[in-house]
Every structure is written in structure tokens, then in C-alpha cells.
Amino acid sequence: MQPVKAPTLSAHGAEMPSVGYGTMLYPEPARAVELIVHALNAGYRHIDTARKYGSEQWVGEAIRASGVPRDELWVSTKVTEENAKADDFARSVDTSLKTLGLDYVDQLLIHWPQPAVPLEETLGALAKAKTDGLTRHVGVSNFTVALVDEAVAKCSEPIITNQIEYHAYIRQDKVLAACARHGVIVTCHVPLARGQLLNDPVINEIAAAHDKTAAQVALRFLVQQPQVAVVPRALEFSEIDEDIDLFDFELSDEEMSRIGALRDRNLRVVNPPVRSPQWDEG
Ligand SMILES: NC(=O)c1ccc[n+]([C@@H]2O[C@H](COP(=O)([O-])OP(=O)(O)OC[C@H]3O[C@@H](n4cnc5c(N)ncnc54)[C@H](OP(=O)(O)O)[C@@H]3O)[C@@H](O)[C@H]2O)c1
């Protein structure tokens, strides 16, 4: 397959590739580097990692093995809620860069909100990572409407993304509207609901009509929405290839509405009781 170039999304001077390769949960760590190298060869220029995933080292190794020039890449990592205090946050960023073997990342996210630490403190540490040159852009993850509003108001650097669970089985209209109001890109994690929507009859019927797979239709449904990016994870070369090959077809308004109606299921896949904020419903 020829490498696919995913279009970029613009936010506050950033140009984020709209399809990233997710690197969470590798059941066979020994294969991680070859899978990430394959993603880079397939055209992915956005790699989504996090301190919590344990995949930063493999991402760094894969980047070096691929030979893709650093300035063509969008590397995103995250600081967990356990490191929300300023000193801990700075140490976490330092460890991420050392583990990745990079001087800077393109995007640094607060992975989860931490109610026990004032948000101003964590935002201050996030902004400092940018002004110190350790990241080109900053953002948040798993933030609700109220938290996005607060982060935008209190961060001295522009928030460019909120990485949240969004897919064809969950309605996220309120948080999408809040992000749009602030010019913040929505990056969808678990965009395939961890595979749960791949057997959906509506998605499969639409996929057959376009000679595409269910995964491609489910991902296309997301990237066809304004300012929406996706970071799927796949462990098969052919699936990695499929998941970026989304830009040679278009869903009709009627198809978008039919898939959009599936969101009433409100299936939330990522909802850890220790970390989750009070989610916005609908
Ligand atoms: N910010 C956060 O709190 C947060 C939380 C969760 C995830 N994330 C990010 O989001 C990324 C994606 O989430 P995820 O991996 O949990 O879920 P996902 O991308 O929704 O789904 C992954 C599942 O879909 C399957 N799949 C992928 N492409 C496919 C294709 N073309 N055909 C058939 N099956 C396909 C995979 O199968 P195989 O395993 O067999 O390949 C896997 O079981 C993570 O890697 C991580 O980077 C962020």
C-alpha cells in the first residue's frame, strides 16, 4: 500500500495530523516496535503515547528505526493524574523525554483531571513545559465541559486538544460544543469502542456500500466531523493500513445521520472509578 497522508487539523497555530496511531495495551510487547514502524511506513505521522502506557520507549525506538525525519512527526505524550503537582509533573515530562529519546514532544496532555490538586498548579506546569521548549503544544484529556472552560481560562498557553472517548456508540455533543467554542480539537480515544462497534449492522451495511471495512466507516464517521481527530490502535499490519486509509471516500449526510443515531446507546468504554470526573451526559 502507498503511504497515506492524513489531512491536518489547525488549532491556535498547531497543525495536528487527524489520524494518529494509538500505542496503549500491547499484549505482545516484543512486537510493539515493528508495529509502530509499520504505522510510520503506512503514513501515520501522529503517534499517541503516555507515561501510563509504558510504550514511550518503543515509540522512540520505532521513530529512530523508521528514519522518518523528526520534524515530520507529531509525537504526543501525557502526564498522569498521580503527577498533577508541579514538581511531579516536571519530573514526569523529563522521564518521558528521556524514555522517548527525544528533546521535545509535539503535544503534551494532562491525562486525567486531578481534583486533589488545584488545576491552576497543573496548568502552570503544563504551560512551563511549553515555554521551556519541552513540548510544542499543550492540551488535556478526559476533560468535561466545565474543566475545558476552566483550563482554557486559566492556562497561559493555548489548549489545542481535548482527547476524550468519542465514537459511534457515545454522544458527546456537549463537550464537542465546548471544544468548538474554544477552537480546541477533539481527539477521539477508543474510536472503535475497543472493537465493540465493528459488528454493528448499520456500520457494516454502509461499509459494504462503499467497499470499505466497518473500522474504516466507524473512523470516517469521526474524521468527517469538523475538528475531530482519531487515534485508533491495531495489532495487525493490515488493520493499521486500513485505519489511516479514510480519505478516498465520503459518507453521505444520510449515512452520517444513521451512524449518528447509534450514539444513543451511550456506551462508555473508558470509565475508571478512581479517575473519572462527573461526565457530561449527551
Ligand atoms: N486519553 C485516554 O485516557 C485514553 C484512554 C484509552 C485509549 N487512549 C488512546 O486511544 C488509543 C486507541 O484506543 P484502544 O486501543 O483502547 O481502542 P480502539 O482503537 O477503539 O480499538 C482497538 C481495537 O479495535 C481493533 N481494531 C483496530 N483496527 C481494526 C481494524 N481495521 N479492523 C478490525 N479491528 C480493528 C483492535 O484489534 P486488535 O487488537 O486485534 O488489533 C482492538 O481490539 C489507545 O491506544 C491510546 O493511544 C487514550
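A polar side-chain atom of Asn142 lies 2.8 Å from an oxygen atom of the ligand, in a model that is predicted. The ligand sits in the largest pocket, a space with a volume of about 640 Å³, and the protein covers 87% of the 920 Å² of accessible area that the ligand has on its own. Apart from that pocket, this briefing takes up the second largest pocket, with about 300 Å³ of space, and the largest cavity, with a volume of about 50 Å³.

**Polar contacts of the ligand**

- Asp48 places a polar side-chain atom 2.6 Å from an oxygen atom of the ligand, and Asp48 is also among the residues that come nearest to the ligand.
- At Ala193 the contact comes from the backbone, where an N or O atom lies 3.3 Å from an oxygen atom of the ligand.

**The shell around the ligand**

- There are 28 residues around the ligand, and those that come nearest are Asp48, Arg194, Arg233, Leu235 and Asp243.
- Sorted by class, this shell holds 13 nonpolar, eight polar and seven charged residues.
- Helix H9, which spans residues 237-244, contributes three residues, the largest share of the shell around the ligand.

**The largest pocket**

- The lining of the largest pocket is made up of 35 residues, of which Val190, Pro191, Arg194, Val231 and Arg233 are the closest to its centre.
- Two of the names in that central group, Arg194 and Arg233, also appear among the residues that come nearest to the ligand.
- Helix H8 (214-223) and helix H9 each supply at least two residues of this lining, and H9 gives the most, with three residues.
- By class, the lining of the largest pocket divides into 16 nonpolar, nine polar and 10 charged residues.

**The second largest pocket**

- In the second largest pocket, which holds about 300 Å³ of space, the lining consists of 18 residues, and the closest to the centre are Lys5, Thr8, Pro17, Arg45 and Glu72.
- The lining of the second largest pocket comprises nine nonpolar, two polar and seven charged residues.

**The enclosed cavity**

- With a threshold of 30 Å³ or more, the count of cavities comes to one, and the volume of the largest cavity is about 50 Å³.
- Phe143, Thr144, Ile164, Gln172, Val175, Arg268, Trp279 and Asp280 line the largest cavity.
- This cavity lining contains four nonpolar, two polar and two charged residues, with Arg268 and Asp280 as the charged residues among those named.

Notes:
Residues numbered from 1 in each chain as written. Predicted model: local features only at pLDDT ≥ 70, side-chain atom pairs only at ≥ 80, totals over all residues. Heavy atoms only, no water. Near = heavy atom within 4 Å. Polar contact = N/O pair within 3.5 Å; in protein donor to acceptor, adjacent residues only side chain to side chain. Areas by Shrake-Rupley, 256 points an atom, 1.4 Å probe, with all protein chains shown as cover. 1 Å grid on protein atoms, 1.4 Å probe; cavity = no way out; pocket = protein on both sides within 12 Å on 5 of 7 lines; lining within 4 Å. Sits in = over half its atoms within 2 Å of the grid points. Helix = DSSP H or I, 4+ residues; strand = E, 2+ residues; numbered from the N terminus. Points joined across faces, edges and corners; volume = space filled by probe spheres on them.
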